[in-house]
Amino acid sequence: MQDKIIIIVILAIIAILVTLTVGLFFASIIRRGLHDRKYRELDRLRSSYRAMVLEALESGRVSSLWFDLSAPPASSAWQAIEDVLLGLMADGKYPSDITALFLALGYPAFHEKRLAERNAQARAQSINKLGKMKSGGSVPLLIPLLDGENREIASVTVRALGNIGGGPALAAIVDRLPRLIGNGVVAGKALETTLLAFGAEAVPALIGRLSSGDLHPHAAAIVLEVLSRLPADERMISPAAERLGHENPEVRSKALKVLGRPDHLSSCPDLPGRIAPLLRDPVWYVRLQAIRSLSMLKSAQSIGDLGKLVSDEKWHVRNEAARALLLLGDCSLDFLIEALTGRDQYAKDSICEEIENTNFHARLIGHLAAHDDSLGDKSLRILEIMYTLGFSIPLEEYRNGLRGAPQSGDKREGQTSGL
Amino acid sequence: MISILSAAILGFNYFVGFYFGVVNVIYSLLLTLALLVIFRHLKRIKYSALSEVHDSTQTPPVAVLIPVHNEEEVVLRSIRSALQTDYPFFEVVVINDGSSDGTLKRVIDEFRLRRIDRIYRRTLVTKPVRGFYYNLETPNLLVIDKEKGGKADALNCGINASRSPYFCSVDADSVLEKDALLRVMTPLLESSVPVVASGGVVRVLNGLLLNEENEIEEIDLPQNPLLLFQIVEYIRGFLFGRVGWDSLNALLILSGTFSLFHKATVADAGGFRVGNVSEDMEMVVRLHRHMRKAGKPYRICFVSDPICWTEAPDTFAMLARQRRRWHLGLMQSIAENREMIGNPRYGRIGLIVIPYYILFEILGPVIEFVGYVCVLLSYAVGLLSVDFLMLFITLAIFYGVFLSTAGIFLEELTFRRYPRWRHLFRLLLYGVFENFGYRQINTFWRFQAFLQYWLGRHSWEYVENKGTNGTNGTKGGAAWTM
């Protein structure tokens with residue numbers, strides 16, 4: 001009896017496995033067949049609708065499309081039309097006409113209805129589509145979704161609002177920044193990208209939020225980062241400058257980034273002076289950003305401090321300081337020679353590397369042939385030191401160039417031949 | 001005495017049956033999880049931030065690190081493929097690890113590179129660098145020539161030299177799909193928990209047609225049955241093995257052929273371990289260890305849609321070497337991080353995942369191989385009933401057929417990279433055949449690796465790359481793969 005039961009159990013296991021396997025086997029085949037048919041049809045529809053829509057848009061007969069494009073929701077034709085219009089929208093072609101078409105065909109209304117669905121993924125898909133359709137009328141329905149517990153929904157909503165743009169969408173995001181960032185609802189990078197999508201119109205709202213004082217340092221850093229990527233605006237200067245003394249280094253660093261733009265110099269000529277103290281900040285990436293900002297402002301005022309930073313303990317800072325000195329041009333040659341003849345090997349390496357990275361050696365070589373003896377001598381000195389430090393390629397190339405063109409008449413040809 | 005021996009053999013047979021049963025239950029759970037996760041992922045793709053990531057100035061730069069050693073037949077293809085990646089900010093760093101063939105010259109000539117002076121900061125200790133090569137016309141390509149130190153050493157060298165906060169390791173015999181980098185990067189940008197590593201899918205390159213720009217022109221299946229078996233294996237391994245583990249936040253393996261890492265975290269953890277034959281897996285294990293020790297929140301994730309195509313061995317000898325090497329690497333990686341085994345400090349990784357790998361991945365081939373021999377012999381000498389033999393065959397073979405078919409079904413549900421009807425039929429067919437011989441041979445190779453490790457052999461065996469798809473001939477020397 002027991003043996004029989006065992007055999008029945010084994011046979012049952014085999015039967016289940018075989019059934020499942022055969023089932024999956026045929027399911028794969030049926031699925032392939034159905035898919036092929038569906039996408040063949042979709043491709044055909046997309047192709048014909050695209051031609052029809054483009055022709056109507058180009059000839060300015062958009063209203064004639066309303067009837068031709070009407071299709072039952074969720075049908076293949078409905079999906080194909082949506083794909084075609086979203087594709088054209090993404091290409092930036094006829095955005096206002098396409099938005100009007102979407103509205104007339106009832107797409108935003110369809111997706112707005114789906115916002116009430118229980119399935120989070122279906123909701124997220126509709127939110128995303130409303131964003132891509134730039135459905136301004138859907139903004140009041142989208143905003144409350146930012147306050148929900150579902151992070152994915154909040155994240156997609158932020159993106160959708162960014163795509164739609166406009167004051168109410170921006171205000172909704174900016175108002176909720178502390179929650180969105182502080183609670184980790186939306187990733188910082190995603191939020192930065194969205195806020196940048198609003199463009200210059202975001203500046204007043206962001207500055208207002210920054211000044212409200214209830215921002216978590218991480219949120220403040222994100223706002224400053226976004227401001228630093230938006231077109232320069234004198235209204236940014238004061239709130240950013242106030243944060244140069246912020247206790248959080250990330251905030252200080254981003255504030256420096258906001259300030260380090262040449263356009264700000266006209267409204268605040270004292271900017272280099274306000275930035276310079278941060279060259280001595282205890283946190284390396286703040287020093288790094290201070291160098292970058294000063295370099296952007298092309299201020300030679302702090303050349304002495306920059307010269308000291310080529311000996312910084314962090315190589316990122318050393319290299320940036322060297323690069324900043326090189327960007328200042330010929331006025332930095334003395335500082336370069338001083339550092340290159342000093343004892344700090346790291347500083348020497350950084351300078352040599354940046355001279356090659358920034359192609360500054362071409363400028364030095366240019367000086368060799370020029371008639372300014374002082375500049376030529378300094379340049380030759382730098383190239384010679386570089387050669388002895390193992391950065392020999394610029395001088396070798398220069399010499400090879402001279403060999404290739406002996407009649408060039410360069411007055412320093414003989415001086416380098418001994419190297 | 002004989003009766004004791006018979007009882008012991010019988011007991012072992014029952015143990016083997018039980019073991020197979022447990023393994024199958026675990027695989028079923030993973031398969032179920034993978035199905036759920038993949039369905040969800042497919043829906044999420046429809047509203048993913050891919051285009052925003054592509055257009056955003058905030059997308060972090062990535063360095064694509066391609067370590068090469070005697071890869072002159074395939075190196076240009078992989079560099080060109082990496083350079084054509086559709087990603088906003090990236091650099092390609094090729095590290096020539098002391099090739100003795102014409103690899104370096106070929107790259108220098110092709111891209112008209114010239115030697116440049118550059119400081120090499122040895123944040124991670126590596127073999128000496130002999131030179132850097134660069135050309136302003138291809139500003140995001142840097143070639144480093146260094147003394148031979150192995151793949152891990154070459155990757156560490158690339159980490160030292162690259163300037164991007166993230167790096168993606170790619171094998172020299174591989175071709176990245178254009179949007180692969182973008183897709184593998186997306187979770188890093190969407191997650192509010194820091195993602196320290198992310199891996200994509202690896203597929204078999206053999207059989208594909210590439211155009212002159214090294215883009216995939218046509219996906220086809222190779223004729224060689226050995227390659228077809230591997231294609232089925234890769235589909236199954238990536239689509240339900242890794243997806244399943246990822247859903248439990250317990251991923252222990254990312255393929256070094258195509259994985260993205262946060263550079264500073266890898267450097268903090270000490271970089272890739274030189275001497276480990278499976279440096280990619282060891283790195284992932286160590287990252288878990290490092291992050292959990294530091295008490296920092298983190299994620300290591302697997303994304304099922306970015307694809308990297310790589311050459312697979314097309315002879316039994318090469319495949320055997322590869323599989324022995326993988327198994328050896330697995331054992332080394334666990335052994336080198338044995339502190340984690342069963343240690344509650346390392347959470348589910350220490351308590352569940354590593355013990356699973358020891359019991360079912362490392363010891364699996366031993367029990368499976370000995371089990372096959374023992375069960376068949378026991379039946380032959382009359383120790384076992386036909387019922388048990390049937391049960392064993394069901395658990396060991398028919399269940400494998402079911403899993404292979406499920407893998408192909410998952411592929412059909414999701415990405416359908418093999419577009420023709422004949423592809424589907426061949427894959428389904430090979431999914432069945434795979435369990436009658438191929439799987440057992442694989443078990444034997446892994447069993448061999450176990451014995452070799454046990455006997456003290458810890459060095460790796462090389463696998464040749466032939467440079468199929470537009471390149472001719474075989475290489476003079478040995479090269480790395482996966």
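Buried here means under 20% relative accessible area, exposed means over 50%, and partly exposed covers what is in between. Keep these cut-offs at hand for the exercises below, which use a predicted model.

**Exercise 1. Classify the two partners of the salt bridge between K129(A) and E82(A), and locate them in chain A.**

Step 1. Start with the contact itself: the side chains of K129(A) and E82(A) meet with N to O at 3.0 Å, inside the 4 Å limit for a salt bridge.

Step 2. Place the partners. K129(A) belongs to helix α6 (residues 120-132), while E82(A) belongs to helix α3 (residues 76-90). The two are 47 residues apart, so the pair links distant parts of the chain.

Step 3. Apply the cut-offs. E82(A) has a relative accessible area of 2%, so it is buried. K129(A), at 23%, is partly exposed.

**Exercise 2. Work out which parts of chain A are tied together by R280(A) and D305(A).**

Step 1. Check the distance: the closest N and O atoms of this salt bridge are 3.3 Å apart.

Step 2. Find the elements. R280(A) sits in the loop between α16 (271-275) and α17 (284-297), and D305(A) sits in helix α18 (residues 303-309), so the bridge ties together parts that are 25 residues apart in sequence.

Step 3. Add the surroundings: R280(A) is exposed, with a relative accessible area of 57%.

**Exercise 3. Describe helix α9(B), beginning with the salt bridge of E279(B).**

Step 1. E279(B) pairs with K151(B), with 3.5 Å between the closest N and O atoms. K151(B) lies in helix α5 (residues 151-161) and E279(B) in helix α9 (residues 279-294), so parts 128 residues apart in sequence are tied together. Both partners are buried.

Step 2. Now look at the whole helix. Twelve of the 16 residues of α9(B) are buried, so the rest of the structure largely encloses this helix. Among the buried residues are M281(B), V285(B), R286(B) and H288(B).

Step 3. Compare the length with expectation: from first C-alpha to last, α9(B) reaches 22 Å, close to the 22 Å expected at 1.5 Å a residue.

Step 4. Finish at the end of the helix, where G295(B) follows with a positive phi near 70°.

**Exercise 4. Is N13(B) buried or exposed, and which residues does N13(B) touch?**

Step 1. N13(B) is part of helix α1 (residues 2-45) of chain B.

Step 2. With a relative accessible area of 0%, N13(B) is buried.

Step 3. Leaving aside residues up to four places away in sequence, N13(B) touches C374(B), V375(B), S378(B), L384(B) and F388(B).

Definitions and conventions:
Residues numbered from 1 in each chain as written. Chains lettered and ligands numbered in written order. Predicted model: local features only at pLDDT ≥ 70, side-chain atom pairs only at ≥ 80, totals over all residues. Heavy atoms only, no water. Helix = DSSP H or I, 4+ residues; strand = E, 2+ residues; numbered from the N terminus. Buried < 20%, exposed > 50% of the residue type's maximum accessible area, 1.4 Å probe, protein only. Contact = heavy atoms within 4.5 Å. Expected span 1.5 Å × (residues − 1).
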